[in-house]
Amino acid sequence: MTTDRIKNNSANIELPVHGMSCAGCVKSVESAIQKLSGVQEVAVNLSSETASIKYDPSNQNAGGIREAIQNAGYQVPVVKKDIPVSGMSCASCVKNVERSLRGLKGVISATVNLATETATVEYLPSEVGMGAIKETITDAGYGVAESSEEEEEDEDPHQSAREDYYGNLKLKLTVSAILTGLILIGSFNHLFPVISGIPRNYMFYILLALGTPVQFWAGAQFYKGFWNALKHFSADMNTLIAVGTSAAYFYSVFATFFPDFIMSIGQEVHVYYDTAAVIITLILFGRLLEARAKGHTSDAVKKLIGLKPKTARVIRNGEEREVNISEIVKEDIIQIRPGERLPVDGVVVKGFSSVDESMITGESIPVEKTVGSEVIGGTLNENGSIQYRATRVGGDTTLSQIIKMVKEAQGSKAPIQRIADKIASIFVPIVVGLALITLAIWLIWGPQPASRFALLNFIAVLIIACPCALGLATPTAIMVGTGKGAENGILIKGGEILENLHKVDTIVFDKTGTLTRGVPKVTDVIANRNFTENDVLLYAASLEKASEHPLAAAVLNEASDRNINPIEPDKFEAVPGHGIRGTLSNMELSLGSASFMKSNFVEFESLEQNYEKLSSEGKTVLFLSIDGQLVGLIAVADTIRGNSGTVMKRLKKMGFELVLMTGDNNSTAEAVSRELQMDTYLAEVKPDEKAEAIKELQSKGKTVAMVGDGINDAVALVQADVGIAIGSGTDVALEASDVTLIKDDLFDVIRSVDLSKKTIRTIKWNLFWAFAYNVAGIPIAAGVLYPVWGLLLDPMIASLAMAMSSVFVVTNSLRLRSVEF
């Protein structure tokens, strides 16, 4: 098994981060990590609750990064396990094991106890499995005791923590809703005869008793977030909620215990326990809805992870045993029965079956597998039994690479998000400032009772402001968009790629293997005078039977399709660059180009018009002669894919400029370009010149997408604004492109562009809503409508609006799940 050790000057890790509630929290976490030495890049995603970090492992480690995040007031959930280690004899052994484990990517901390012979490891199961951890220990020269019980699959601490958070939120909401209901009844006790006789000052104490648990138990998370932000001289959403509700609560407490003082300054005694409690309850309700909706944004990854079976049957030393999937190593022989999922990638060594690969490649028709066939982990075996040899395990499998790629894409930031990030970084201090100005204006110029108006408007301004919506606008849409693509075999590497893709105006297509099938095929057979097409194919195939030229297979396949059995030639000779010749039943046969015929003094005027027409269509023409007399010709071409024409028409209708790029000659390029109705073509472009051709298009102000096979066109794919690689199954070139189309279907070029446009449109709507809501909501809360219409915004209504604004943004992003493909 190959362990993912850190061997270069930079490493990447994705850590789950819990406790973030708004864009201000994101800035706090990013700031805490960026202060660490050795950290090179940081991207924190509020929606996925993750931090993606690039760092120098010689100067920093995952444990130090986790500690910095936790010191900032947030949590990084991990799995902690004790592993029995044998063979240690001294402190040096302890150091060796610890050093080896700490060098493994995904291990947060490793502590070894010599007395108990145990290694205590904290790790991220998304980055490293228990099999890799155990192998690292054995590679260091020590033993790992095998568990007699079946080892459980590693739990996902990220998901577990989310479930705990949701359950805790639900409990707090339920209790606070009940208490808030009682507070509202008590606040309007004159409407309820049963309690209307309770003296007002006594009722204040009852409301205090009911409101305190809501304020400090149900609202504890807001105070905790406020304190963490304050320690780092920053402010976030929790600051606004804590300050706003505290103002209402503590004013009410003061009024409860010192009513005479308030009356002595000419003010009427009022308490606002109901305001503070309703605000907290409604915000908790909004957070619950938001958490529930956010859970659906990662459904695509959950579905992909769900394709992995927990256990597999492995044949070792001639015996079949069931092991945890993390224990499978390379070269293991795995037994698969009908209806079972394949745990890892490999090659079939025994048996025959049909495998449903739709969940990986999107192909709906099951693929037949026999000895020598490659299989992909996560796919479903249908009817037969097979044994296969594991070739890719753990994080190296195709499914794991896809999951990793989708997670990285969902954790990335689009350039459009920078606007929101800049505003979010100064948003809360500005809101606090506006709230204080509102307080002062109403105290100085407001009508009586001025203190009451001032307090309520101060609270309303703090509560209605919602940086959460700003922080969620972009990442939620990216998560759902990239996830929807992954479900349909379109892998997009991140938010920046999505944004660039929707700006593309020119698409360059590589010809061979992209627009064409990449395999030569006979397109025309024309016989001369007294011969038939079958005669031409019989003699041509008989010669080609001994040839190794790429066109030989095309001629032989056509003969086979027509049930023509070629004859073994008596003699055979290849003339490089011209053709082939040989003898058959005392006849001299020649097959090759027009120049080859001329050199052999074979006249072909009778078929010259056919030759010129076929050549103008970009086809390779082979002439056949017997004893110096022309028998006929065969045209061979790399045929165009069946849906290429339809795709090009659709793309042109969408407004794209279409460019064909090929290493073929000018006539071939022109013929293919004309047939597909493309705007222009670039012929005779060598592989090392393709990137320059892309550069030249970009220099004219075009935003270019390059579509190729992802291997031969790697440099051009990188040079393009968006590189799109068409792959198939395990041959997908994940690293060579920005977008990978697993299904090898050109229609996915249209689907990927359409997905990017819809995702960016959703982001823009989200941002518009977030900006418009805050721009309109804050002035209304401050009381700008009061002088004209006498309208003021109740802080309780403001809290409901604030909670719903975040829910709206997340729900709007979730609409992308219904995009039709």
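Select helix α16, residues 467-487, and colour by accessibility: 20 of its 21 residues are buried, where buried means under 20% relative accessible area, exposed over 50%, and partly exposed in between, with a 1.4 Å probe and protein chains only. The model is a predicted one, in which local features need pLDDT of at least 70 and side-chain atom pairs count only at pLDDT 80 or more, while totals for chains, interfaces and linings use all residues. Residues are numbered from 1 along each chain as its sequence is written, and side-chain values use heavy atoms, with hydrogens and water left out.

Helices (H or I, at least four residues) and strands (E, at least two) are DSSP runs numbered from the N terminus. From its first C-alpha to its last, α16 reaches 31 Å, close to the 30 Å expected at 1.5 Å a residue; the expected span is 1.5 Å times one less than the number of residues. Centre next on A473, where α16 bends by about 35 degrees, with a proline, P475, following within four residues; the bend is the angle between axes fitted to the seven residues ending at a position and the seven starting there. Just after α16, G489 takes a positive phi of about 75 degrees.

Keep G489 displayed and add D748, which lies in helix α27 and is buried, with a relative accessible area of 0%. Leaving aside neighbours within four places in sequence, D748 is in contact (heavy atoms within 4.5 Å) with N488, G489, I490, L741 and K743.

Now select the whole of α27, residues 747-782, whose 36 residues reach 53 Å from first C-alpha to last, close to the 52 Å expected. Just after α27, G783 takes a positive phi of about 105 degrees.

The next stop is the largest nonpolar core, a nonpolar core being a set of buried Ala, Val, Leu, Ile, Met, Phe, Trp, Tyr and Cys residues joined through side-chain atoms within 4.5 Å. Of its 132 residues, F509 and L651 touch the most other members, and α27 gives the most to this core, with twelve residues. Select F509 and show its contacts beyond four places in sequence, which include L651, M678, V707, L746 and V749. A second, separate core of 23 residues includes L543, V555, I580 and I626.

Move to M654, in the loop between α23 (644-653) and β25 (657-661). M654 is partly exposed, with a relative accessible area of 34%, and touches I750 and V753, not counting residues up to four places away in sequence.

Finish with the empty spaces, computed on a 1 Å grid over the protein atoms alone: a cavity is a set of points where a 1.4 Å probe fits but cannot get out, a pocket is an open set with protein on both sides within 12 Å along at least five of seven lines, and lining residues have an atom within 4 Å of a point. Grid points are joined across faces, edges and corners, and a volume is the space filled by probe spheres set on the points. The second largest pocket has a volume of about 910 Å³; of the 35 residues that line this pocket, H18, G19, E49, Y165 and Y166 are the closest to its centre. Helix α5 supplies the largest share of that lining, ten residues.

The structure holds one cavity of 30 Å³ or more, and the largest cavity has a volume of about 60 Å³. Select its lining, including M237, R287, E290, C468 and S806; the largest share, four residues, comes from α10.
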